[in-house]
Structure formats: structure tokens, C-alpha cells
Amino acid sequence: MMNEYHAQAPQTVFDVEQVRKDFPILKESINGHPLVYLDNAATTHKPQVVIDTIAEFYQSQNANIHRGVHTLSQRGTDAYEAARAKVQNFINADSPSEVIFTRGTTDSINLAANSLARYLLSKGDEILISESEHHSNIVPWQMICEQYGSNLVVAPINDDGEIIIPEFENRLSPKTKIVSFGHISNALGTINPVQKLTSLAHEAQATVLIDGAQAVAHALVDVQNIDCDFYAFSGHKIFAPTGVGVLFGKRELLEAISPYQGGGDMIKEVRFDKTEYNDIPYKFEAGTPNIAGAIGLGTALDYVIDLNFAAAISYEDDLFNYAIARLCEIDSLRMIGTAIEKAAVLSFTIDNVHPQDIGLLLDSQGVAVRTGHHCAMPVMQRYGISGTVRASLSIYNTKAEIDSFIRAVIKAKDMLV
Ligand SMILES: *Cc1c(COP(=O)(O)O)cnc(C)c1O
């Protein structure tokens, strides 16, 4: 079932200038130029409502949750659990108990990897990932493989940066127990066909985790529609604070697997001879969580829903197409990642110029981009490069900013080539 938010109409008018007013940092000048922030794939800025929510929590709600009988603790608990319900609605999970708060995508993947491995992995089993993964969807699995004697199998991408479906299918076998891939690549921008990949993996009886760190801010994510078993994302890439993230898991699976960390809050009863774990999702939330962060994430999700996220994404997509077209006019520029289905990320190199040199010249003109390997070294190896310049968009970027960026790239190129 689609919920109300997932049925938002993308053709509604989206007023970017109004939205920009909500983000105080966008008024900053950098090196004497207005800030042009194009590093949204690394982290996004926070609207005033999110900043206010965090301040208000510490001003009038601060207490530990799930334990005090006193009023403040109750307020904090209510706000934290309300945030969980907002996440549930945002990703269309079946129940709030399927939403686990974590520190971020990395933490979510490590949680899922460790708990799943203990539940279903034996020596000789295989974990399938893709060649375009972020390090945080590679390294935890390598660590698990080392521990359990399992093997990491990698599905290759083509020159455009798309997972090659027949190659992916070829690598699925009765040995494949876990399949994990990104929804949108942070290095290339490729939008992977997550529904298709999930159903192929399910046909092979494998459990599916999706790294949604990039996707939540650029697509309407519906975990029931995708039918994945796990979905991980970070708050800070969707206008919420750092240090909070989400792991969605299907209820039956969460009930079946063991917790990853032990401690307070994740138990019902502790005795020295035996400890009984709490119900889901609390079973996976050991210790005092990032309460203010989770509440801030709830506010960030309210914020994007209220401004009509579908319209915002559609606006961003038009801006993205404009940026690609302008960038491709620059000769000697090589776009890295040319998938048909792509979002928000423009990764490129210019001749043999070091990406960092371009990044520094752009910064001197107020333009913030990321340079380097973008936590995806195997992707760089795939293209035979050490890194790229990456400009990544958000809903608050404008056509004028893209023009400034293009001018700055041309200027940098003329100085360096
Ligand atoms: C940012 C990112 C991560 C890691 O997120 P953290 O917030 O650093 O834990 C993982 N995967 C992708 C695709 C990302 O973009």
C-alpha cells in the first residue's frame, strides 16, 4: 500500500528561493564569493527547523528515554518514538518496530552484517555485492567473510557504471546467502534497479540489504515496494544531524536474528545465568541512543514531506540534466558514470589534471565539491583513475549556482591544462 506521502504529485510548483531561506548556511560567503555548495553526497545542510528542534530538545525535553517515570523522560520518549513513526511513514515500512535507530549507514550495515552472519552464514557461503559499492558496503562484509570463512563475490559494472544484470545473475547460486548493493551510487550517481536485483536475489533464496545512503534524499523510497529485507541510510544526507541513521528490517527477520551489541535498553531481564532480550526494535538499540539526533531526523523528514518532496526531486532532476548538459560542453572533460538512470552526482576528470587541484581552484571561487575516491576506491580502479571531481546536487541548488560552477570549472581548466 502506498501511503499519503508516497502519493505526492511531482508537478506541484517548487519554489527553490523559498526553500533556500530555510537553510541559514547558504548565506555564507567563501573566499569572497557566495557559497555554492555542491558536496551534498558527502553531507547536506540543515534547515532552521532541524537546528531549532535539536536546541529545543536540550532546552526543554532533555532526559534519558524508555526508563524514567518522570515527565521529562516521558516527553523525550514520546518525541523519540514519534520520530520512529515518521521514519516508518517516510520509507513506507509496515510497522515502527521495523525501524532501528543507528549512528548512520555504516553502523546500520555493520549491525545487519554481524547479526545476519551469526544467523545464517557458514563456511563456504557467499556474499554478493557490486563493484560500485561505497567502502561501508564492502569492508564490513570482508570482515564477516574473514570471521566465518565465507567468500565475497563481486558483480561487475559496465563502462557507464551500471551493474551488469546477467553477470549479477550468474553470480547467484545456492551458496549465496546475502546480497547487498547500493540504491544510488555516491561515486557515479547510478540509480540501480533495486526491485529487479532484489527479486533476482530472492529467487536464489538470499537475504537482501540495500545501502540507501544516497537514495533517501533523491528518490521516494518504499521498502515494501522494493521488498528488500534490510534498508540502511544516514540522517545527515537528508537534512538531519550527523550521528543518527536507520536500519529498516523486515519484522520476521529482526525477530529471528540476534542483537549485535549488548547493554542497557536492549533487554527485558538480565540474570547471570540468562538474559532475555527486549522486543524489536529495542533489541538492537543498546545503550543511550542519539535522542536529539533521532528527533532531528523526524523533523527533517517532516520538512521534506511538507515542501512536497516529489516536486523537490523533480526540480532537482531538471537541474541535474541542465548541469550534465553544461558540463559536457567542456572539452577534455571526461564524465565518470554515464548511466541512463542517474541522480544528483556529477563525477568527472579533466585531462591529466589532479582532481584536488581543480577542487582547490573551485574552492577559491566559493564552489564546494569533493575530490578523490569518494570512499569507493574499487570504482576508481574500474575506471583506471585515482579519483574524480564530484559535484553533487540537492533540492536547494539553483541554475545560477550551476552556472557559477561551470564558469569556475572552465577557469580552473584554463589555468591547469
Ligand atoms: C555516505 C554513504 C555511506 C556512509 O554513510 P555514513 O553516514 O558515513 O555512515 C554509505 N554508502 C553510501 C552510498 C554513501 O553515500
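**Group meeting: the ligand site and the cysteines**

Okay, so let's start with the pocket: the space the ligand takes up is the largest pocket. Keep in mind that this is a predicted model.

Who's around the ligand? Going round the shell, you have Thr105, Thr106, His134, Ser136 and Asn186, then Asp211, Ala213 and Gln214, and finally Ser234, His236 and Lys237. Sort that shell by class and you get eight polar residues, two charged and one nonpolar. The nonpolar one is Ala213, and the charged pair is Asp211 and Lys237.

Now the polar contacts. Asp211 has a side-chain N or O atom 2.6 Å from a nitrogen of the ligand. On the oxygen side, His236 puts a side-chain N or O atom 2.7 Å from a ligand oxygen. Lys237 also has a polar side-chain atom 2.7 Å from an oxygen atom of the ligand. And how much of the ligand does the protein bury? On its own, the ligand exposes 380 Å², and the protein buries 85% of that.

Last bit, the cysteines. How many disulfides does the structure hold? Zero. Still, let's look at two cysteines, Cys145 and Cys375. Cys145 comes out at 8% relative accessibility, so it counts as buried, because the cut-off for that is under 20%. Cys375 has a relative accessible area of 23%, which lies between 20% and 50%, so Cys375 is partly exposed.

That's it from me, over to you.

Terms used: Residues are numbered from 1 along each chain as its sequence is written. This is a predicted model: local features need pLDDT of at least 70, side-chain atom pairs count only at pLDDT 80 or more; totals for chains, interfaces and linings use all residues. Side-chain values use heavy atoms; hydrogens and water are left out. A residue is near a molecule or strand if one of its heavy atoms lies within 4 Å of it. A polar contact is a pair of N or O atoms within 3.5 Å; within protein, one must be able to donate a hydrogen and the other to accept it, and residues adjacent in sequence count only if both atoms are side-chain atoms. Accessible areas come from the Shrake-Rupley method with a 1.4 Å probe; for residues, only the protein chains shown count as cover. On a 1 Å grid over the protein atoms alone, a cavity is a set of points where a 1.4 Å probe fits but cannot get out, and a pocket is an open set with protein on both sides within 12 Å along at least five of seven lines; lining residues have an atom within 4 Å of a point. A molecule sits in a cavity or pocket if more than half of its atoms lie within 2 Å of its grid points. A disulfide is a pair of cysteine sulfur atoms within 2.5 Å. Buried means under 20% relative accessible area, exposed over 50%, partly exposed in between (1.4 Å probe, protein chains only).
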